[in-house]
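The report below goes through one protein chain, beginning with its surface and overall make-up and then turning to individual residues. Please keep the sequence and the coordinates at hand while reading.

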Amino acid sequence: MSTERTSAARRLDSAVDLRVVGAQRRLRAFADRLNPDLVAAVALALVVLVAGAVVLANVRTQYFIYDEFDYLTPPDGASWLGWIITPHNEHTILFTKVWFSLLYQVIGLQGYWLYALPMVICHLAGGVAVYALLRLIISSRAVCVAVVAPVLIMAAGAGTLTWAGQFQYTAATTAGLWMLYLALSPRVKPRIRVIGVIALSLFGTFSGSAYIPLGIAAGLALLTLRRYLLGAIAVLVPAVWFVAVRVLFTIPSYNSAHSVDQVLRDGPAFVYALLAKAVNDSIPLSDPFTPAILVVATIGTLAYLAVRDPAGGSSRARRTYLFLLVALVLSLAITLIGRLSRDVAESASGGYSYFILIAAIPVFVASLARFLSGTRIAAGMLVLLLGGWAAINVVGLGDTAEGLADWKSSNAALLGAAASLADDGLVAVSPDAVPSPQLAPSVDWRELSEMAADDRIADVQPSVLDADQVSLNVQWTGLDEPVGDELTTCQPIEPYAAIELPATGRLALEPVGSLTQTVTVTLAYPTSAATLAVGVDDDGTLLASTADRPVVVTAGDTAVTACR
């Protein structure tokens, strides 16, 4: 009986083995028939589609803030053509202004994701450029595709990838990356290279300053390949415009480096802060290990350049790696020169992390691949590592985007409330009063009222809190007048005490005794928690109001006198 059972088991094992072997052969034959470039293209397309869906999902919850309002219309009296070419601060952002201003005329402040669409498209195109460049360095298509995932789903760049106005960053960096590819790839036809270099030089230069380091790196690459005319075009277009802007326009320089001594003294710490911020936001729990990670990355870079590839790597791979590294170094240098006098915490933000990492990630992975992807198992492990990094970034990007959306929602609430109150006839103390001074400092009551009248902003039935905050913001203002003796009804307010005053058109706040620095007094209404901070100096502060309602005045750490 046991012999029969053994024979049956052997027959079953043989049948299973035959089927497994047959399946392996069929799979191997199917794989041999597949075009590896086609498979890589399909995989790359899937990564791009998934990344695009993730980024757009996080963009849809955002709202306009800060400089984005400056991109909607030219200032009064300025021509549209002159305005789009005029730098914003030191950045020429022609295409961002064109897109925002044209879309604003059609849909107003609706559909934020539509404003962000070019930013997202350029970002995705930049990921494809990273793949194309890495294919010049890394033989494994799977690794090259996997790199694109953490590049496109970049948690450290959340400040860029959730901000429609950062079209300037994604457009500029993408133009620079494709310029590098045109310069270095032997597969590009000469005519395409000429047209592409000219077009991308113009598009990148007039998209934003982030193009400069990448474009110059591409120009240097062209010069080393003896394509002198194209190299000169690639270098001179951004360089000449950079100089022309500073001759033709007044460019603020308060954030820039002011001396060589300052660069030598503060530069290393500044660059380290930039890199540390990018690493910390990219890799969870990396804070204690950031110095070690940066040291390892630096050693890997030096080893790549110093150690000859035993497999006989091509000079094209080394050249591509070198000029990606040049682009990274120039990106750090231009940020250092342009932002050294700024607070380090502000400079080490998502925008700078984005255009540093867009070059740093390919360089870092190329170093890893050089020494860790010699076998299929090693390449597979590297792919899994990159995929896991991208998955973690999905969570990190989502969490940061959610926090940003909550923060920006107050701007949407205040501007929507202001639009509703403007339609209801609220009288502002001045047309220059600002409904949302923290997040929309350039949108005054005059502009907001015009938006509401033209239905370019959706008015929102305001809550009591939002209505009171808008009233405090636009119906109270400080006057550039000395405090006189005409306000005779005065009441003292002890430190940290509060008094309620009846409606008044003018209110003078004076310190009790002399001051060495400005103190803060808080205005509020009895109906909500909305507040307005008012600075009071040694000469006192005179306020005007059109609110016609009682107000609660709370002193800070210094006693003041309130006169009406």
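The chain exposes about 27000 Å² of surface, of which carbon and sulfur atoms supply 62%. The model is a predicted one, and the values that follow are computed from it. Of the 564 residues in the chain, 48% are buried, and the C-alpha atoms fill a box of roughly 110 × 75 × 45 Å along the principal axes. The secondary structure comes to 19 helices and nine strands. Among contacts between residues at least 6 apart in sequence, 78% join residues that are at least 24 apart.

Charge is the next topic. The chain carries 35 positive and 43 negative side chains, and the centres of these two sets lie 31 Å apart. A patch of negative charge on the surface is formed by Asp423, Asp424, Asp455 and Asp459. A nonpolar patch on the surface is made up of Leu38, Val42, Leu46 and Leu49, which together have about 410 Å² of accessible area. Val42, a member of that nonpolar patch, is found in helix H2, which covers residues 36-59, and Val42 counts as partly exposed because its relative accessibility is 45%, in between the limits of 20% and 50%.

Two residues stand out for their backbone angles, and the table sets them side by side.

| Residue | Phi | Loop |
|---|---|---|
| Asp455 | near 55° | between helix H18 (445-453) and helix H19 (464-475) |
| Tyr496 | about 65° | between strand E2 (490-493) and strand E3 (498-501) |

Most residues other than glycine have a negative phi. Asp455 nevertheless has a positive value without being a glycine, and Tyr496 likewise has a positive phi although it is not a glycine. Are these two residues, Asp455 and Tyr496, buried or exposed? Asp455 counts as exposed because its relative accessibility of 64% is over 50%, and Tyr496 counts as exposed because its relative accessibility is 64%, which is over that cut-off of 50%. Asp455 thus joins two topics of this report, since this residue of the loop between H18 and H19 also belongs to the patch of negative charge.

The remaining residues to consider are Thr96 and Arg193, each described through its surroundings. Thr96 has its place in helix H4, residues 94-107, and Thr96 counts as buried because its relative accessibility of 2% is under 20%. Leaving aside residues up to four places away in sequence, Thr96 touches Tyr71, Gly165, Phe167 and Gln168. The C-alpha atom of Thr96 is separated by 43 Å from that of Arg506, a residue 410 places away along the chain.

Which side chain of opposite charge is the nearest to Arg193, and how far away is it? The nearest one is that of Asp37, at 17 Å, and Arg193 is buried yet has no salt bridge. Arg193 lies in helix H9, which spans residues 190-205. When residues up to four places away in sequence are not counted, Arg193 touches Leu182, Ala183, Ser185, Pro186, Val188, Leu222, Arg227 and Leu230. The residues touched by Arg193 thus include another arginine, Arg227, together with leucines such as Leu182, Leu222 and Leu230.

Technical notes
Residues numbered from 1 in each chain as written. Predicted model: local features only at pLDDT ≥ 70, side-chain atom pairs only at ≥ 80, totals over all residues. Heavy atoms only, no water. Helix = DSSP H or I, 4+ residues; strand = E, 2+ residues; numbered from the N terminus. Buried < 20%, exposed > 50% of the residue type's maximum accessible area, 1.4 Å probe, protein only. Contact = heavy atoms within 4.5 Å. Areas by Shrake-Rupley, 256 points an atom, 1.4 Å probe, with all protein chains shown as cover. Lys, Arg positive; Asp, Glu negative; His and termini not counted. Charge placed at Lys NZ, Arg CZ, Asp CG, Glu CD. Patch = residues over 30% accessible without salt bridge, like charges linked within 9 Å, V, L, I, M, F, W, Y side chains within 5 Å. Salt bridge = Lys/Arg side-chain N within 4 Å of Asp/Glu carboxyl O.
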